[in-house]
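This report is a short tour for a reader new to the structure. Please look at the sequence and the model first.

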Amino acid sequence: MSLLLLFAQEGQQQPPGALPGGPMAPLFILGLVVLFLLVVVFPAQRRQKKDQEQVIASVKRGTKVLTNAGIVATVVSAKDGEDEIVIRSEDTKLRIKRNVVVQVLGSDDAEAAKQ
């Protein structure tokens, strides 16, 4: 009799294509993905945006900057409240948007004092 019960229990297998863990498994996985986004991705993006805003705010006349196009130049004019700045690289002056400045490399005044 007990042998029949064992065979009866083995017969109740999951149909092919069914996910292990039942119907709640996809929701659990979705919850883990959302948790990952909330804990890792979104704070990193906020931190990066804050750092970029600090770089843009620190741009002033005489500052050496690097643009996202790879141009290393010195800021000729930068007025507060304006979105554009004028930079000088070698013999060329360019008018660019503030948000293309990727990195502040220092100031020309500090380099002139070293020499």
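## The β3–β4 hairpin

Start with a turn. Strands β3 and β4 form a hairpin, with two residues between them. Glutamate 90 sits in that turn and has a positive phi of about 60°. Most residues other than glycine have a negative phi. Glutamate 90 is not a glycine, yet its phi is positive. Is glutamate 90 buried or exposed? Its relative accessibility is 72%, so glutamate 90 counts as exposed.

The two arms of the hairpin are β3, residues 84–89, and β4, residues 92–97. They pair in the antiparallel sense over six bridges. In one of the facing pairs, isoleucine 85 stands opposite isoleucine 96 in β4.

## The model as a whole

This is a predicted model. The protein has three helices and five strands. Along the sequence, the pattern reads α-α-β-β-β-β-β-α. The protein has 115 residues, and buried residues make up 16% of them.

The protein exposes about 9300 Å². Carbon and sulfur atoms supply 59% of that area. Now take the contacts with a separation of 6 or more: residues 24 or more positions apart account for 39% of them.

## The sheet

What is the order of the strands in the sheet? The order is β4-β3-β2-β1-β5, in an open sheet of five strands with antiparallel pairing. Strands β4 and β5 (101–107) stand at the edges. Each has a single partner strand, so one side of each is left without a neighbour in the sheet. Neighbouring strands of this sheet are turned by 40° against each other on average, direction ignored. Strands of a sheet pair through backbone hydrogen bonds.

Strand β3 also has β2 beside it in the order. Strand β2 covers residues 72–78 and runs antiparallel to β3, joined to it by four bridges. Serine 77 stands opposite valine 86 in β3. Threonine 74 stands opposite arginine 88 in β3. The strands β2 and β3 form a hairpin too, with five residues between them. In this hairpin, glycine 81 takes a positive phi near 90°.

## The nonpolar core

Which residues form the largest nonpolar core? There are nine: Val55, Val59, Val65, Ala73, Val75, Ile85, Ile87, Ile96 and Val101. Strands β2 and β3 each supply at least two residues of this core. The facing pair of isoleucine 85 and isoleucine 96 belongs to this core as well.

Valine 59 is another core member. Leaving out residues up to four places away in sequence, valine 59 touches Val65, Val75, Ala78, Ile85, Arg98, Val101 and Val104. Among these partners, Val65, Val75, Ile85 and Val101 are listed in the core.

## Threonine 63 and lysine 60

Threonine 63 lies in strand β1, residues 63–67. Is threonine 63 buried or exposed? At 5% relative accessibility, threonine 63 counts as buried. Its side chain reaches the backbone oxygen of lysine 60 at 2.8 Å. Setting aside neighbours within four places in sequence, threonine 63 is in contact with Ser58, Ala73, Thr74, Val75, Val104, Gly106 and Ser107. One of these partners, threonine 74, is the residue that stands opposite arginine 88.

Where is lysine 60 found? Lysine 60 is in the loop between α2 (25–57) and β1. With 54% relative accessibility, lysine 60 counts as exposed. It touches Val75 and Ala78, not counting residues up to four places away in sequence. Lysine 60 and lysine 79 are 19 residues apart in sequence. In space, C-alpha to C-alpha, lysine 60 and lysine 79 are 7.9 Å apart.

Definitions and conventions
Residues numbered from 1 in each chain as written. Predicted model: local features only at pLDDT ≥ 70, side-chain atom pairs only at ≥ 80, totals over all residues. Heavy atoms only, no water. Buried < 20%, exposed > 50% of the residue type's maximum accessible area, 1.4 Å probe, protein only. Contact = heavy atoms within 4.5 Å. Areas by Shrake-Rupley, 256 points an atom, 1.4 Å probe, with all protein chains shown as cover. Pairing = 2+ DSSP bridges. Axes fitted to C-alpha atoms, helices over the stretch in contact; angles between N-to-C directions. Core = buried A, V, L, I, M, F, W, Y, C linked by side-chain atoms within 4.5 Å. Polar contact = N/O pair within 3.5 Å; in protein donor to acceptor, adjacent residues only side chain to side chain.
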